[in-house]
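These are my notebook entries on a structure that was new to me. I set down what I looked up, in the order in which I looked.

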Amino acid sequence: MSTPTDPPCVVVVLGLALSPGGLPSPVLTARCQQAAQVAIWRGATVIPTGGDPARVGVTEAKVMANILMEMGVE
């Protein structure tokens with residue numbers, strides 16, 4: 001947990017091309033898990049990134065945001 005003297009913590013999660021159907025790879029899910037741990041531990045703001053280079057109809061950032069929310073990160 002952060003204290004009032006700790007600097008703000010921001011975690012940027014880099015995207016990774018989604019599989020057909022917009023499914024995240026195990027690597028992308030692991031990135032989200034690590035970011036969620038830091039967010040919960042430090043009260044960090046998490047910024048998922050990534051577009052839709054695989055043209056599956058959903059962005060990497062949106063998929064990661066959904067994963068993070070399921071893990072308890074707002």
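**Entry 1: How the two helices cross**

I began with the pair of helices and found that α1 passes α2 in a right-handed crossing. I should record at once that the model is a predicted one. I then looked up the angle: the axes of α1, residues 26-42, and α2, residues 60-70, cross at roughly 50° and come within 10 Å. The two helices are therefore oblique to each other.

Which residues of α1 and α2 meet? On the side of α1 I listed L28, T29, C32, A35 and A36, and on the side of α2 I listed M64, I67 and L68. I sorted the residues of this contact by character and obtained seven nonpolar, one polar and no charged.

**Entry 2: The overall plan**

I next stepped back to the whole chain. The protein has two helices and two strands, and from the N terminus on I read the order of the elements as β-α-β-α. I noted the span of the C-alpha trace along its principal axes as about 45 × 15 × 15 Å.

How many of the 74 residues count as buried, as a percentage? I recorded 27%. I also looked up how far along the chain the contacts reach. Among contacts with a separation of 6 or more, residues 24 or more positions apart account for 66%.

**Entry 3: I67, on the α2 side**

I returned to the helix contact and chose I67, which is found in helix α2. Is I67 buried or exposed? I67 counts as buried, because its relative accessibility is 11%. Leaving out residues up to four places away in sequence, I found that I67 touches P24, T29 and C32. I also took the distance from I67 to A36: the two are 31 residues apart along the chain, and their C-alpha atoms are separated by 9.3 Å.

**Entry 4: C32 and the cysteines**

C32 had appeared among the α1 residues that meet α2, and I looked up its exposure. C32 is buried, with a relative accessible area of 0%. I then asked how many disulfides the structure holds. The number is zero. Why is C9 not bonded to C32? The closest cysteine sulfur to that of C9 is in C32, and the two are 16 Å apart, so they are too far from each other for a bond. Seen from the other end, C32 is in no disulfide, and its nearest cysteine sulfur is that of C9.

**Entry 5: L18, before α1**

I moved to the loop between β1, residues 10-13, and α1, where L18 is found. L18 is buried, as its relative accessible area is 7%. What does L18 touch, not counting residues up to four places away in sequence? I wrote down L23, P24, L28, A54, V56, V58, T59, E60 and V63. One of these, L28, also takes part in the contact of α1 with α2. I looked up the spacing of L18 and E60 as well: they are 42 residues apart in sequence, yet 6.6 Å apart in space, C-alpha to C-alpha.

**Entry 6: Two residues between β2 and α2**

My last entry concerns the loop between β2, residues 45-48, and α2, in which R55 is found. R55 has a positive phi of about 55°, although it is not a glycine. Is R55 buried or exposed? R55 is exposed, with a relative accessible area of 75%.

G50 is found in the loop between β2 and α2 as well. At 32% relative accessibility, G50 counts as partly exposed. Setting aside its neighbours within four places in sequence, I found G50 in contact with G15, T59, E60 and A61. T59 and E60 are also among the residues that L18 touches. Finally, I looked up G50 and N66, which are 16 residues apart along the chain; their C-alpha atoms are separated by 13 Å.

Conventions. Residues numbered from 1 in each chain as written. Predicted model: local features only at pLDDT ≥ 70, side-chain atom pairs only at ≥ 80, totals over all residues. Heavy atoms only, no water. Axes fitted to C-alpha atoms, helices over the stretch in contact; angles between N-to-C directions. Helix = DSSP H or I, 4+ residues; strand = E, 2+ residues; numbered from the N terminus. Parallel < 35°, antiparallel > 145°, perpendicular 65-115°, else oblique. Left-handed = near helix turned anticlockwise from the far one by under 90°. Contact = heavy atoms within 4.5 Å. Nonpolar A, V, L, I, M, F, W, Y, C, P; charged D, E, K, R; others polar. Buried < 20%, exposed > 50% of the residue type's maximum accessible area, 1.4 Å probe, protein only. Disulfide = S-S within 2.5 Å.
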